[in-house]
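Reader: Could you take a close look at one strand for me, the one that pairs both within its own chain and across to the other? I'd love to see its partners and then its surroundings.

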Number of protein chains: 2
Amino acid sequence: MRTILINTGTELLLGDVLNTHLRFLAQEIFPLGLRIDRQITVPDGEAIRDAIEESPKAAEIVFITGGLGPTTDDITREITAELLGLKLEHDPAILRAIQERAARRGFRLTDRIARQADVPEGATVLPNENGSAPGLYLPLNIKAPHLFLLPGPPRELHPMFRNSVMPILRTIVPNKSVTRRRTYRVAGMGESLVEEAIGERLVAIPGIELGYCARPGEVDLRIIGDESVLDQADAIITAGLGAAVFSRDGGSLEEAVVKLLREKKQTLAVAESCTGGALAHRITNVPGASAVFLAGYVTYSNEAKNGMLGIDPRLISEYGAVSEEVAQAMAESARTKSGATFALATTGIAAPGDGTSEKPVGTVFVALADGGAATLVRKFYFPDDRPIFKELTTQAALEMLRRAIPA
Amino acid sequence: MRTILINTGTELLLGDVLNTHLRFLAQEIFPLGLRIDRQITVPDGEAIRDAIEESPKAAEIVFITGGLGPTTDDITREITAELLGLKLEHDPAILRAIQERAARRGFRLTDRIARQADVPEGATVLPNENGSAPGLYLPLNIKAPHLFLLPGPPRELHPMFRNSVMPILRTIVPNKSVTRRRTYRVAGMGESLVEEAIGERLVAIPGIELGYCARPGEVDLRIIGDESVLDQADAIITAGLGAAVFSRDGGSLEEAVVKLLREKKQTLAVAESCTGGALAHRITNVPGASAVFLAGYVTYSNEAKNGMLGIDPRLISEYGAVSEEVAQAMAESARTKSGATFALATTGIAAPGDGTSEKPVGTVFVALADGGAATLVRKFYFPDDRPIFKELTTQAALEMLRRAIPA
């Protein structure tokens, strides 16, 4: 069934807000055999009218997000009703629910909220757990067989989509799809090397749909097809890429690391200078991380390296805070102090101005202590902006640890 | 000048990758007086053809991202040349640059790379600092006056856009725009309350374009207009919202906090339990944070709370790790140990299963120690998923600190 997503919001087209709706909806509907065939972003106001009027005739499902809120630039509900020739009817039950929710949370309501209780005739109301504006499902209208109006804020959209939209979609979509997908994530190899290793053998599988995506510190490999396609592809990928594959289900590197540590009943501490908490943040984003993650030492200053980890100031003055020696000492101290099985440490030069000819901006050392005689220290060079520098450094650290956990 | 952005990539429509191109390009081109009027995402392959053919006749500038890479699903260059009736010519200088870059970084090249040196006749080549595929500028073609083919990976796109595309745009765009924008960011008030406080007076300003955007823990208020509009709006916003406005230039709360601390020559440490490094990560994302951020104690386990911060285990067993008492002790200890002016501490229940009837999932305590007699502790309730829980908690902590820094 051809599916279109229309996102309304001047804030999206001005770049004030990152559009996460496409990613969310696409992932939710794929198990039903549905894909978003085209996604369009238009500004608030009259452009919504154009987008609905121009939406491809063949579209069977149309999702529209945004413009249901209380402020004056929220007019999706009104324009849609007008275009479809539907009267708006006030629903006192919706207003009551909004008032009760506000009372529970201690919010005060303004008069403008009442507009959110208007419902086009024939529409199904989709309750909003995390906000005031309900969503609306308009079946069998003159523009598309199935039209959904959904709220813009992700924390309102997500539960509404899972709890109210998905059950409707399950009754609409013919249940005959056997298409499956698998996303392999590969660390430590470039995109063209991954394709060279396995690409020709994969495309030779009849009926396969294959995609590559290069991301900071990794390549994602997407396989879509029936069970037999996936089995054949899996054998080729396993033989050709081996341990470089850290995930076979699209899971993140931190998820893979936490899972391995849990299985082996091992624990982790981190000591971070240049990554400034980003490594601990990634690890603690994984549900269940508390079983393996003991402690994080964010030692941004030299004083903190000494005070929290006991790093000898003479070591820093002799080799520099960004050095193999300091990275090693940080990892070993974090491991000893926390009592963890492993400790990772990062120290590098992220800030323009702090570089030297010997250690230019982007130089970073990552150390992994495991209590053995030789702490592993690797030097990397990531001459990128700060967010990418942090991403690549934490990726390198997690990958060092993943490779070190005994099978 | 009407501007269209076409993003190609099956990985975007499947939800494997978040599309950040719209945000980036929109922010870059606004100072030229340009906006993205419509953004469209289509899958790899033949859909690119449809998107180019269907692109609105009135479009003057068309940006197309993605599909320039080395793998078999990258065909934007070839389809565009075919649609425009342009021959592809091999450019040996591009191949040489790709080979030199690979040698410098120690990459090995595959045969497929050579295709990236093909250039449609009449095109200007846009060098790629961070990847192999160059971008292409096709002026005065049959589809649009100005057509740009740009790489999909953000780390390749961003420097190319700033270094090669912007100089071309500056020669294209008539330099007569006086439209300015300002984004105010407001903490601690809901969207409808912000509008109630100032909305009517703002919309009464002739020529103003006004937008609201609700985000986790804040509301963004966007004002677009000429200098006079911006001045009038600023007076109304300052009078109506006062200290709730933490940014007048769209900057983040962490940027506002780091700036204030730098101005006052004050320093900060953090002690994180439930936020697991996210607070330190946000602060160290700000360039210059090293001048004010001393140390982060990520004490995920009770042992770490005792070992790193000296929290008495009896305090934890009496009140629970998630309690006002433990939050206070964490903040005070982090402050004393680090020697910082301020310390923030977080402890809460993020994980389903860990809640109780008295302290349900989403309960969190944030403490701020400043060395005075009374450490400030506030209790919040954020019954949301883990990423939003972390976002709201770190937002609340940063806002407590911002309000506490003496003017």
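Author: Happily! Let's begin at one rung of the ladder: Ile4(B) has Arg38(B) as its bridge partner in E2(B). This is a predicted model, in which local features need pLDDT of at least 70, side-chain atom pairs count only at pLDDT 80 or more, and totals for chains, interfaces and linings use all residues. Residues are numbered from 1 along each chain as its sequence is written, while chains are lettered from A and ligands numbered from 1 in the order in which they are written.

That rung belongs to a parallel pairing, in which five bridges link strand E1 (residues 3-8) of chain B to E2(B); strands here are DSSP runs of at least two residues (E), helices runs of at least four (H or I), both numbered from the N terminus, and two strands pair if DSSP finds at least two bridges between them. In general, strands of a sheet pair through backbone hydrogen bonds, either parallel or antiparallel.

The antiparallel sense appears when E2(B) meets the other chain: strand E2 (residues 38-42) of chain A pairs with E2(B) over three bridges. Here Ile40(A) faces Ile40(B). Is strand E2 of chain B mostly covered or mostly open? Strand E2 (residues 38-42) of chain B is mostly covered, with four of its five residues buried, meaning that 20 or more other C-beta atoms, placed from the backbone, lie within 10 Å of a residue's own (12 or fewer is exposed, in between partly exposed).

E14 links the chains too. Strand E14 (residues 293-298) of chain A and strand E14 (residues 293-299) of chain B run antiparallel, joined by four bridges, and Ala295(A) stands opposite Thr299(B) there.

Stepping back to the whole interface, 80 residues of chain B are in contact with 80 residues of chain A, contact being C-beta atoms, placed from the backbone, within 7 Å. On chain B's side, helix H7 (residues 191-203) supplies the largest share, seven residues. That side divides into 35 nonpolar, 27 polar and 18 charged residues; Ala, Val, Leu, Ile, Met, Phe, Trp, Tyr, Cys and Pro count as nonpolar, Asp, Glu, Lys and Arg as charged, and the others, Gly among them, as polar.

As for the partner chain, chain A has 14 helices and 17 strands. Buried residues make up 50% of its 407 residues, and its C-alpha atoms fill a box of roughly 75 × 60 × 40 Å along the principal axes.

Terms used:
Contact = placed C-beta atoms within 7 Å.
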